[in-house]
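Reader: I would like a close look at a single part of this model, the metal site, together with the parts of the chain that bear on it. Please keep it plain.

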Amino acid sequence: MSTDIAHIATALDQAARKVEPVAQFSTRSPFSLDDAYLIQRASMRHRYDAGERTIGVKLGFTSRAKMIQMGVDSLIWGWLTDAMLEEDGGVVDLQRFIHPRAEPEVCFLTKRTIDRPLTALEAVDYLEAVAPAIEIIDSRYQAFKFSLEDVVADNCSSAGLVVGAWSRDFANLANAGVLMRINGRVVQAGSTAAILGHPLRTLVQASQLLAKAQIALPAGSLIMAGAATAAEALSPGAHVSVEIAGFGECGFSIAMQQREKP
Ligand code: 0L1
Ligand code: MG
């Protein structure tokens with residue numbers, strides 16, 4: 001299997017770099033979830049070798065809406081790097097993506113190293129702040145089609161993120177209204193309660209997953225809690241924003257003129 005791990009990791013890295021999708025791997029040669037995380041790590045090594053650095057982690061499929069949209073039933077996690085971070089209010093060029101989608105999220109900033117499984121009561125003590133956020137996902141698989149193992153191997157479709165203004169109002173995070181707008185029109189509406197019943201629960205989940213992987217997450221890391229609603233496809237010229245009631249708004253515009261693909 002080790003050759004397959006290296007082979008799939010390289011193919012996924014190349015697909016992202018060349019902006020060319022690949023067929024899903026698990027249908028041709030099934031692999032376990034543990035192997036999927038090994039592929040994810042091997043694929044991330046290519047990015048680190050190219051100069052990217054980790055800024056945090058993301059959880060995926062923490063809401064029913066996302067599980068139903070993508071036809072999977074388990075929580076997953078992947079890495080965020082500095083190359084994925086887009087400016088709030090900035091302009092995003094779609095050229096580096098294959099078939100990008102945006103989804104509304106909650107982003108946490110950690111203030112202590114997470115190096116063991118946390119309880120729900122401890123979670124807030126490990127946090128510096130929380131902000132409204134948008135994740136740009138971009139599956140490296142043709143037609144955005146994958147199994148749970150495929151998507152984990154593909155670093156959980158991580159491609160970009162925009163983070164709004166930070167707040168410390170953790171108490172009002174339980175059931176805040178979430179609106180995603182494209183060109184001012186509401187395209188997705190939901191609640192932060194859709195994220196595991198309460199977004200702070202993602203801290204508990206993240207700490208357990210990191211402990212299982214024997215990884216300590218340093219203070220100052222970002223944790224994306226997972227989408228509260230389904231994702232929306234992106235197209236040139238659009239303006240995308242996410243508002244979380246009581247926490248403000250963040251957004252980005254998409255460049256109209258697309259540069260030549262690399
Ligand atoms: O936030 C999420 O639930 C994202 C899951 C990423 C996988 C995908 O939908 O491509
Ligand atoms: Mg997401």
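Author: What follows begins at the metal site and then moves to the annotated domain and a few individual residues. The model is predicted.

The magnesium ion (ligand 2) has three residues as donors: Glu103, Glu105 and Glu135 coordinate it through OE atoms, at 1.9 to 2.0 Å. Along the chain these donors follow the spacing E-x1-E-x29-E. Glu103 and Glu105 are both buried. Because water is not among the atoms, the site may look incomplete.

As for the record, UniProt places the feature "domain: Fumarylacetoacetase-like C-terminal" at residues 99-251, in an unreviewed entry. In the model, the C-alpha atoms at the two ends of residues 99-251 are 19 Å apart. This span is 12% helix and 36% strand.

Ser241 belongs to strand S12, which covers residues 239-244. Ser241 counts as buried because its relative accessibility is 5%, and the cut-off for buried is under 20%. Leaving aside residues up to four places away in sequence, Ser241 touches Ile134, Leu179, Met180, Arg181, Glu249, Cys250 and Gly251.

Another serine, Ser32, lies in the loop between helix H1 (2-18) and helix H2 (33-49). With a relative accessible area of 35%, Ser32 is partly exposed. A polar atom of the Ser32 side chain lies 3.0 Å from the backbone nitrogen of Asp35. Ser32 is also 9.6 Å from Leu148, C-alpha to C-alpha, with their positions 116 residues apart in sequence.

Two backbone angles deserve a check. Most residues other than glycine have a negative phi. Leu196, which is not a glycine, has a positive phi of about 55°. Leu196 sits in the loop between strand S9 (185-191) and helix H5 (201-212), and its relative accessibility of 25% makes it partly exposed. Gln214 also has a positive phi, near 55°, and is a residue other than glycine. The loop that holds Gln214 runs between H5 and strand S10 (222-224). Gln214 counts as exposed because its relative accessibility is 75%, and the cut-off for exposed is over 50%.

To return to the metal, the site consists of the magnesium ion (ligand 2) with OE donors from Glu103, Glu105 and Glu135.

How values were computed
Residues are numbered from 1 along each chain as its sequence is written. Chains are lettered from A and ligands numbered from 1 in the order in which they are written. This is a predicted model: local features need pLDDT of at least 70, side-chain atom pairs count only at pLDDT 80 or more; totals for chains, interfaces and linings use all residues. Side-chain values use heavy atoms; hydrogens and water are left out. Donors are N, O and S atoms within 2.8 Å of the metal (3.2 Å for Na, K and Ca); water is not among the atoms, so sites may look incomplete. Buried means under 20% relative accessible area, exposed over 50%, partly exposed in between (1.4 Å probe, protein chains only). Helices (H or I, at least four residues) and strands (E, at least two) are DSSP runs, numbered from the N terminus. A polar contact is a pair of N or O atoms within 3.5 Å; within protein, one must be able to donate a hydrogen and the other to accept it, and residues adjacent in sequence count only if both atoms are side-chain atoms. Contact means heavy atoms within 4.5 Å. UniProt positions are given in the numbering used here, feature names are shortened, and annotations may be inferred rather than shown by experiment.
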